[in-house]
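Colleague: I am new to this structure and would like to learn how to read its features. Could we begin with the empty space inside?

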Amino acid sequence: MSASAKTVRPSSSASPSSFPSLSRRWLLVALSCVEVLTATGIIFGWSSLALQLRREGAYDELCDAGQSGCKKQVLRLSGVYTAGAAAIPVSGMVWGPLLDIKGAMVCRRLGLGIFSIACLFFAFADSKTFDVYILAAALLSVGGMGFFLSHFVIAEHFASDHFGLVHSLINCAFDSSTATFTVMELLHGAGATTRGLFLGLASLAVLYLALSTEHVWAGHLSPPPRGVDAGGVPAPAIADKGASAGEGEDKGAVEATVAARSSPQFGPLLDESGRSFGAQLRSAPFIALGVWSLFTIYRTMFILGSINEQMIANGGGRTVSQAESLVRVFNLLILVSTILTPPFGRFVDKYGMVPAFLLVNALGIFTYGALLARPDWALYLAFLAFGCFRAWNYSLLTTYVQGVFGGESFGKVYGIGVGMFSIVSATTQYPTMELVMQKGESGSFVEIDLIFVGFGVLLFSFPAFVHMRLVMGRRRPNGEGDAV
């Protein structure tokens, strides 16, 4: 079968009446967003939790008496963040295949169970007497990743109309999950304890476990039957592209249905859904995606783990108090930027992936250049641009993977494939920080930020590749010939 061939099995039992109403389906999307917001990628709100832990004296025993924020403390806390950041892609290599084999409900329940245990570890951790911060951060990310991946199956129920939008909403919630630690840090500053806050988070995870039933989700934690359109509208059974139409069925109508149900931004040379997993990993669309993922995720994780230190060192230097104020603005503007993510999803649906990838890459370049600025207004623009860069990039990654490689391989390709490059990105955070911190107590980020700007310029080659595949696909009749 060629790369562009798809086989769609007709549903034997599904009917329009067996599907929830449109309002019920969107309520499930809203519930997904709330769950992802509060219990998935919260480790990336590390800058807020680090402020909170420093306030409670975590690892201050590593500093000289009366000293706060020494290099040893910074590196130890950076090690906790690195463990959490690395655990997301590492665990994704397990969660992805498990999602494809066992389904979203199993991943959801297991993920929430692990997430709850992690919250309990954080609640009772102490760097002096019960130092389990690294384990807690790792488990928090492991559980959150499994829970996160379990939500993407709902996008398949919107495949013909709002595919990009639903992906953007779920990723928007994931990127906004940094707000969880931001809110916790504000509550901590108002008098709440870390123990009480993490016990509350564990209770929320238990509530989500209680909602993990088919009665609540009405079949939306499973893919829609093949041959059934979004909302339960039956579509004709489509066999291999070379097969003839069925008895009494107009072949032209069948081909028109295939065209109508194909996402316009992909095309035949960006369709790997009919190939084996190994062939997908060797394909040009995956290799190109891997390069893009490696350097965009690496830059994203580095900012999230170093923003406090960058604010101290960049722009001629700032006091710790000034830097902490800017970090709070950074976390706030990340949330503000996510408001723009749903419109970005509609932008992808309307104009395609090439303009979207170009825009995202330009935002990443601007972010790293502006982080070196001194004026606060320039930093605010950088923070807003970074929030959009991060949220929109992850929206494009999941949209690209599910659209190009198919829903049946989404877990494996995203979890194992993209996960490999995310692991490299995450595990290089600590050595990168260590290298930067060798240049004085506050470090120097000028060189690394400029290097990241250079990476961004080179990454314009990825949307160029996507554009080339789209153009070649339109020129090749019926998408004949497998892509490399």
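Colleague: How many residues line the largest cavity, and which lie nearest its centre?

Modeller: Bear in mind that this is a predicted model. Rolling a probe the size of a water molecule over the atoms shows where empty space is left. Here the largest cavity has 15 lining residues, and those nearest its centre are Ile 88, Met 145, Tyr 394, Tyr 414 and Ser 422. Two or more lining residues come from each of α3 (71-102), α5 (133-149), α12 (284-313), α16 (376-405) and α17 (410-427).

Colleague: Which element gives the largest share of that lining?

Modeller: That is α17, with five residues. By class, the lining holds 12 nonpolar residues, three polar and no charged. The volume of this cavity is about 160 Å³.

Colleague: How many cavities of 30 Å³ or more does the structure hold?

Modeller: There are two. The second largest contains about 110 Å³ of space. Its lining is made by 13 residues, and Trp 46, Ala 50, Arg 54, Gly 305 and Glu 309 are the ones nearest the centre. The elements giving two or more residues to this lining are α2 (46-55), α3 and α12.

Colleague: Which element gives the most to the lining of the second largest cavity, and how does that lining divide by class?

Modeller: α12 gives the most, with five residues. The classes are seven nonpolar, four polar and two charged residues.

Colleague: Now the surface. Which residues make the nonpolar surface patch?

Modeller: Leu 120, Phe 124, Phe 130 and Leu 199 make it, and the patch covers about 320 Å². Of these, Phe 124 belongs to helix α4, which spans residues 104-124.

Colleague: Why does Phe 124 count as partly exposed?

Modeller: The general idea is a scale with two cut-offs: under 20% relative accessible area is buried and over 50% is exposed, with partly exposed in between. Phe 124 is partly exposed because its relative accessibility is 39%.

Colleague: Where does Glu 434 lie, and what is its relative accessible area?

Modeller: Glu 434 is in helix α18, residues 429-437. Its relative accessible area is 35%, so Glu 434 is also described as partly exposed.

Colleague: How are Glu 434 and Leu 75 placed, along the chain and in space?

Modeller: Sequence separation and spatial separation have to be read as two separate values. Glu 434 and Leu 75 are 359 residues apart along the chain, while 7.3 Å separates their C-alpha atoms.

Key:
Residues are numbered from 1 along each chain as its sequence is written. This is a predicted model: local features need pLDDT of at least 70, side-chain atom pairs count only at pLDDT 80 or more; totals for chains, interfaces and linings use all residues. Side-chain values use heavy atoms; hydrogens and water are left out. On a 1 Å grid over the protein atoms alone, a cavity is a set of points where a 1.4 Å probe fits but cannot get out, and a pocket is an open set with protein on both sides within 12 Å along at least five of seven lines; lining residues have an atom within 4 Å of a point. Grid points are joined across faces, edges and corners, and a volume is the space filled by probe spheres set on the points. Helices (H or I, at least four residues) and strands (E, at least two) are DSSP runs, numbered from the N terminus. Ala, Val, Leu, Ile, Met, Phe, Trp, Tyr, Cys and Pro count as nonpolar, Asp, Glu, Lys and Arg as charged, and the others, Gly among them, as polar. Buried means under 20% relative accessible area, exposed over 50%, partly exposed in between (1.4 Å probe, protein chains only). Patches are made of residues with over 30% relative accessible area and no salt bridge: like charges are joined within 9 Å, nonpolar side chains (Val, Leu, Ile, Met, Phe, Trp, Tyr) within 5 Å. Accessible areas come from the Shrake-Rupley method with a 1.4 Å probe; for residues, only the protein chains shown count as cover. A salt bridge is a side-chain nitrogen of Lys or Arg within 4 Å of a carboxyl oxygen of Asp or Glu.
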